[in-house]
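Welcome, and thank you for opening the viewer. Let us walk through this model stop by stop, with something to select at each one.

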Amino acid sequence: MGDWEPKSGRTLKRRRSSGGSTKEVAPKPIKAPAFRALVVDNGAYTIKVGFTTEEEPQVVPNCIMKAKSEKKRLFVGKQIEECRDCSGLYFLLPCEKGYITRWEVQKPVWDHVFSRSVCTIDENPVVITQPLFNFKSIQDCMDEVFFEEYEVSSLFRCTPTDLAYLNYAKHNKLTKSDACLVMDSGFSFTHIVPYVRGSKFLRGVRRVNVGGKLLTNHLKDIISYRQYNVMEETYVINQVKEDTGYVCADVKKELAEASKPFGSNSIVKNYVLPDFNVIRRGYIQETKPENPSEVEESYQVLRLNNERFVVPEILFHPSDIGMKSMGIAEAVVKSIMSTPKEHRQSLAKNIIMVGGNCKFPGFKERMYAELRSLLPDAWQLGLFQHADPITYPWKGGSALLRTHDFRNNLVSKQDYEELGSTLIQERFNNFMLDSRQLDQEDETGKHSTEFQYLSKLKSASIFGKQEVSAADSDIQIDSKAVETAALDKEDVGAEEAGQDAEGNKRGKSRNKALEETEVAADVEAESSEEDLTESPSLFPLGCASYL
Amino acid sequence: MNTEIQTLGQKPVFKSTSWFLSRQTTKKRTWKGLKQIVSSEKSLPWSENVVHYSSINTPPSFLPPEKLSDLSGLSAPYTDPQTRLRFANKEEYTTMIDLPMDITAGYLALRGATSIVG
């Protein structure tokens, strides 16, 4: 374990990110993966935990439960398996809309997860996931818990979409030039994250506030209004949702089918509710028995008709329940269209869908149909969904260990003590983000050139009419490329050219300087490199740590 | 003393392969709720280019919401002008007109149609 130093390896990383090589992960194997890490995909509903050397993670509920049958006892995580009567189960969840805010709940669950009953940390590095744009205060708290309470030797945090992307890229041998879009539809929300040139494209990230929790709650509500009062039975209704829910291809057709009478209706299903005596888990009653026995007659049956597809439909049309938000398919298109033009087709070709909501039957087909109708005809559309979309990101953990700069990004306890949480959080949050800076530079550069370009419009004769119109239209990136190319080639003595070239040079020289100093490079230096947003007066808490 | 600590720093002796109970804190800490965190984040002076939590929300959809009956969930072409409930057929209407106010309000809240304007 102690054979690697966190700082000595920085050379490799720097050269790679500044050199801008398009090659994926180093071709030569970086030492045998003799070291393993504990990967914790800390979802709001379940924690997926296990060592990278293992095939499958263990899935532990991320909550504390109280059962009506055993008033004295709290069930933490996996202990719920010991509970005989799960009726009226009361959940204490650590997350509020996906962000950990109830630490008094999260801590015991982690205690349980890292205890001998699930997975001990020992001396292994820990990789834990956090939602995108996690808040600074939450990250502080996580650092504190892991370094000071659990005293882990080293820690790394990234988003589950990073892991899913890495896993996908590894399996399909993608290079950095292939853009990828990850849609993570989980318990609290759905995130859509485009990956361009191997890193997140932040301005394309979208969040739809619809997740599995909202669907379960809505199902609970409508069943309570229409049949039984099940407001207390979140656990059971969640199973009902998982067992009977599906995503339909065409709502109108499906609704017409659902309005048919019971006999001729293919949608309506009777669901036998569990009584936690004979039946542990509810199931769909296939056919009504001819001569039901006395026991069978005493079963409580829930009749589900349109509820089966109307509830998952909220993912695609949140406006059905009055949410002012677009559906996930529309949001995917929105996200694709917000990226630079040259990457859009590639994004549409590589769409990865992860998260529990993808398990609804028909989800992928519906997604394909919606996207196909919203995206241009000539584009190829490729959706990928693993057989187990819940654990798919976790499985990317081993791919993460093999990325070239993982070891440099890993934060050891010493680093934490020396540097403090703000700096190490920057390291976490800037992971897979290096092109963000480039993009921002591009943008500021573009703004300045455009401005000068307009002011000199009368005198500058080298610009044709077409280019003016091109600059006006939305394909700014292209026009910018054209502009710079023209400027560089013709070498006009005008200020714009000078400035532009200077900008380029500055960028290059900065990169060179970085390469030279990188051996001695300190983490402080790394943090003080970039733009405005780093300035302490504007962002006393550091802006990147919010990202 | 100091040197001893440093040598210990290499491999902490307090670590055993089995789990140890982490130290118990007796003081009760209160944590900020998500709303507080979000609002305090919003108040920071973000520059225009920076992407953060509140700026990745999806905008409203262009597609109209599906009109579903409040009672049965079926496709509903009719709306009761008094209660603003939607219904699919006349049987539903007959049950609907007998419903007390609080139930109709509950139905409307269920599909998020409580605002007077909408």
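Start by selecting helix α11 of chain A, residues 341-349. Which of its residues are buried? They are H343(A), R344(A), S346(A), L347(A) and A348(A). Keep them highlighted and bring up what surrounds them: these buried residues pack against two strands, β11 (180-185) and β12 (190-196), as well as helix α10 (328-337) and β18 (351-354), in chain A. Please keep in mind on this tour that you are looking at a predicted model.

**Stepping back to the whole chain**

Now show chain A in full. Its secondary structure comes to 22 helices and 20 strands. Of its 547 residues, 55% count as buried. If you look at contacts with a separation of 6 or more, 69% of them are between residues 24 or more positions apart.

Next, colour chain A by domain. Domain 1 takes in 32-158 + 403-434, domain 2 takes in 172-210 + 323-388, and domain 3 covers 212-314.

**Where domain 1 meets domain 3**

Select domain 1 and domain 3 of chain A together. Their centres, taken over C-alpha atoms, are separated by 34 Å. How many residues are in contact here? On the domain 1 side there are 11, and they touch eight residues of domain 3.

The size of an interface is often given as the accessible area lost when the parts come together. For domain 1 and domain 3 of chain A, about 810 Å² is buried between them, with 51% of it on carbon and sulfur atoms.

Zoom in on K68(A) and E232(A), which form a salt bridge with their closest N and O atoms 3.6 Å apart. The rule finds one salt bridge across this interface. It also finds four residue pairs in polar contact between the two domains. On the side of domain 1 that touches domain 3, the residues divide into six nonpolar, two polar and three charged.

**A tour of salt bridges**

Side chains of opposite charge can pair when their charged atoms come close. A search of the whole structure finds 18 salt bridges over all chains, and a few of them make good stops.

Select R73(A) and E82(A) to begin. Their side chains meet in a salt bridge, 2.7 Å from N to O. Are these two residues buried, partly exposed or exposed? R73(A) is partly exposed, with a relative accessible area of 28%, and E82(A) also counts as partly exposed, at 49%.

Move on to K107(A) and E149(A), a salt bridge whose closest N and O atoms are 3.2 Å apart. This pair links distant parts of the chain: K107(A) sits in helix α2 (residues 103-113) and E149(A) in helix α3 (residues 136-149), 42 residues apart. Both K107(A) and E149(A) are buried. Add D111(A) to your selection, and you have a network of salt bridges that links K107(A), D111(A) and E149(A).

For the last stop, select E307(A) and R226(A), whose side chains meet in a salt bridge at 3.1 Å, N to O. E307(A) lies in helix α9 (residues 307-316) and R226(A) in helix α5 (residues 212-226), so the pair ties together parts that are 81 residues apart in sequence. Turn the view to check their surroundings: E307(A) is buried, with a relative accessible area of 7%, whereas R226(A) is partly exposed, at 24%.

Technical notes
Residues are numbered from 1 along each chain as its sequence is written. Chains are lettered from A and ligands numbered from 1 in the order in which they are written. This is a predicted model: local features need pLDDT of at least 70, side-chain atom pairs count only at pLDDT 80 or more; totals for chains, interfaces and linings use all residues. Side-chain values use heavy atoms; hydrogens and water are left out. Domain bounds come from an automatic or database domain assignment. Contact means heavy atoms within 4.5 Å. Buried area is the accessible area (1.4 Å probe) that two parts lose on being put together, summed over both. A salt bridge is a side-chain nitrogen of Lys or Arg within 4 Å of a carboxyl oxygen of Asp or Glu. A polar contact is a pair of N or O atoms within 3.5 Å; within protein, one must be able to donate a hydrogen and the other to accept it, and residues adjacent in sequence count only if both atoms are side-chain atoms. Ala, Val, Leu, Ile, Met, Phe, Trp, Tyr, Cys and Pro count as nonpolar, Asp, Glu, Lys and Arg as charged, and the others, Gly among them, as polar. Buried means under 20% relative accessible area, exposed over 50%, partly exposed in between (1.4 Å probe, protein chains only). Helices (H or I, at least four residues) and strands (E, at least two) are DSSP runs, numbered from the N terminus.
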